[in-house]
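Please read the following account with the sequence and the coordinates open side by side, moving from a single loop outwards to the sheet, the cores and the contact between the chains.

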Amino acid sequence: MRNSIENLGHKGLDFFQRLGRGNILFAHILIGIPGLFLRPSLIIQQVFSVGVLSFVIILVSGLFVGMVLGLQGYNTLVKFGAEESLGVVVALSLVRELGPVVTALLFAGRAGSALTAEIGLMKATEQLSAMEMMAVDPIRRVLAPRFLAGFISMPFLAAIFSAVGVNGGYFVGVGLLGVDEGAYWSQMQANVDYEGDIINGVIKSFAFGVVVTWIAVFEGHDAIPTSEGVSRATTRTVVHSALAILALDFILTALMFGES
Amino acid sequence: MMTTRTTELLVGIFIVIGSASLFMLAMQVSNLSTYSGDEGFEVEARFTDASGLKVRSPVVMAGVTLGRVTNISFDEQTFKAVVKMKIENQYSKLPIKTSANIYTAGLLGEKYVGLLPGSVDDQCEDEKLAAELEGRAPDTQGLECGPQYLAQGTTIEFTQGSLVLEKLIAQFVSQMGSSDSKKDEPEEHP
């Protein structure tokens with residue numbers, strides 16, 4: 001009995017310690033970001049490995065998600081004789097929810113895990129300590145550019161996902177199932193609001209970009225410097241990112257679309 | 001390891017594609033391309049019933065959207081809904097006696113404000129005609145000459161509010177009831 005309560009307390013303390021370390025790291029990274037603009041090559045290198053390398057998976061998943069939305073939406077809407085609204089269904093679900101959320105989930109799996117593994121291995125092989133020995137701050141030199149790259153790449157990836165998905169829905173709906181082309185686009189334009197939907201979707205993807213890269217960078221930096229520790233940290237990145245994205249998505253949706 | 005130039009090139013392409021997607025979402029998917037901005041003049045109309053009307057509902061004449069509803073409020077003196085709408089500046093020659101009705105697009109569609117053109121109401125012309133008939137000199141003192149158009153701050157006087165389905169049904173049923181009551185005990189008929 002006493003042991004289990006002690007165990008609980010230990011876990012609770014551990015959790016709050018990690019939370020605190022995460023926040024301190026976040027503050028350090030934010031402090032390190034302004035100095036990065038003196039060396040943009042660092043950011044470009046990281047945007048390449050975080051953003052460009054995630055491009056293909058985002059492109060393909062966006063296309064297929066859009067096509068599936070087109071098919072499923074058509075099958076449901078045609079029962080009510082409202083297949084003209086297919087464009088609205090596809091565009092709104094992509095721009096508001098699926099674009100930012102699925103992109104963030106894929107991003108956590110593709111780029112977040114890679115970030116954690118890379119930084120964790122740097123720590124395990126004592127590269128970070130070596131940098132400190134040379135009076136180079138590893139947080140500014142290694143962590144901050146990766147964080148900034150994730151923050152920059154996420155909205156672009158989400159926008160690509162949504163745009164490709166809308167065209168995938170168009171391909172299936174108009175090309176294969178025979179929805180009227182004009183109705184697809186005009187209904188979409190009439191019902192998708194620029195500020196209310198597009199901008200809010202972009203804000204969501206910025207928030208997810210911050211959360212995913214923050215978790216990835218922190219888990220890597222906080223990993224136990226063994227091969228097992230790095231593998232655990234990588235798993236935790238994906239799991240925690242996914243949970244954080246979905247919870248944050250609910251909060252953001254309630255804030256953005258709650259009152260209307 | 002890829003050279004720095006190739007990396008930079010690919011990152012550049014990535015950002016261009018990302019921006020293009022954002023641009024495509026803004027122009028092709030959303031209503032930004034049809035959004036005319038804040039240019040316009042505001043007119044007001046009082047409806048007995050503005051149910052179903054929303055801010056940003058279209059204001060339509062002859063099937064063409066001329067503006068949007070900007071505000072809906074309630075007047076405690078007259079118990080009417082005060083609907084403010086912004087009409088684009090290019091449509092500055094709508095006659096002053098234009099009437100406003102709240103219509104429904106389709107059977108279950110959105111509510112919108114439909115405008116019907118009326119007379120331009122030139123008070124000088126009216127006075128001249130009246131004077132000619134009565135055989136006196138026209139007195140245009142204090143009258144507004146020239147055709148009158150809807151402009152910033154004017155009020156549309158002739159309005160008809162939304163038709164609520166329940167009201168129509170209630171009206172219909174009460175009429176049925178009053179015609180049936182002459183026959184006595186209408187409930188006993190199957």
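In this predicted model, B:Ala62 counts as exposed, because it has 9 C-beta neighbours inside 10 Å and the limit for an exposed residue is 12 or fewer. B:Ala62 is placed in the loop between strand S2 (58-61) and strand S3 (64-75) of chain B, and its phi is positive, about 55°, although it is not a glycine. Most residues other than glycine have a negative phi. The two strands on either side of this loop run antiparallel and are joined by four bridges, one of which pairs B:Met61 with B:Val64 in S3(B).

Strands S2 and S3 of chain B belong to an open sheet of eight strands with mixed pairing, in the order S7-S1-S4-S3-S2-S6-S5-S8. At its edges stand strand S7 (155-156) and strand S8 (158-160) of chain B, each with a single partner strand, so one side of each is left without a neighbour in the sheet.

Chain A offers a counterpart to the loop residue described above. A:Ala135, in the loop between helix H5 (127-133) and helix H6 (138-176) of chain A, also has a positive phi, near 65°, without being a glycine. A:Ala135 is exposed because 6 other C-beta atoms lie within 10 Å.

Turning to the interior, the largest nonpolar core has 67 residues, and those with the most contacts inside it include A:Ala104, A:Leu157 and A:Ile160. Several helices of chain A, among them H3, helix H4 (86-124) and helix H8 (194-222), give two or more residues to this core, as does helix H1 (4-29) of chain B; the largest share, 18 residues, comes from H6(A). Leaving aside neighbours within four places in sequence, A:Ile160 is in contact with A:Ile58, A:Leu59 and A:Gly62 in chain A, and with B:Ile17, B:Gly18 and B:Ser21 in chain B. Apart from this core lies another, of 19 residues, including B:Val43, B:Phe47, B:Leu94 and B:Leu150.

The contact between the two chains takes 24 residues from chain A and 21 residues from chain B. On the side of chain B that touches chain A, the residues divide into 12 nonpolar, eight polar and one charged.

As for confidence, the mean pLDDT of chain A is 90, with 99% of its residues at 70 or more. Within chain A, confidence is highest in helix H3 (residues 55-77), at a mean of 93, and lowest in helix H7 (residues 181-191), at 82.

Conventions
Residues are numbered from 1 along each chain as its sequence is written. Chains are lettered from A and ligands numbered from 1 in the order in which they are written. This is a predicted model: local features need pLDDT of at least 70, side-chain atom pairs count only at pLDDT 80 or more; totals for chains, interfaces and linings use all residues. Two residues are in contact if their C-beta atoms, placed from the backbone, lie within 7 Å. Ala, Val, Leu, Ile, Met, Phe, Trp, Tyr, Cys and Pro count as nonpolar, Asp, Glu, Lys and Arg as charged, and the others, Gly among them, as polar. pLDDT is the predictor's confidence in each residue, from 0 to 100. A residue is buried if 20 or more other C-beta atoms lie within 10 Å of its own, exposed if 12 or fewer, and partly exposed in between; C-beta atoms are placed from the backbone. Two strands pair if DSSP finds at least two bridges between them. A nonpolar core is a set of buried Ala, Val, Leu, Ile, Met, Phe, Trp, Tyr and Cys residues joined through C-beta atoms within 7 Å.
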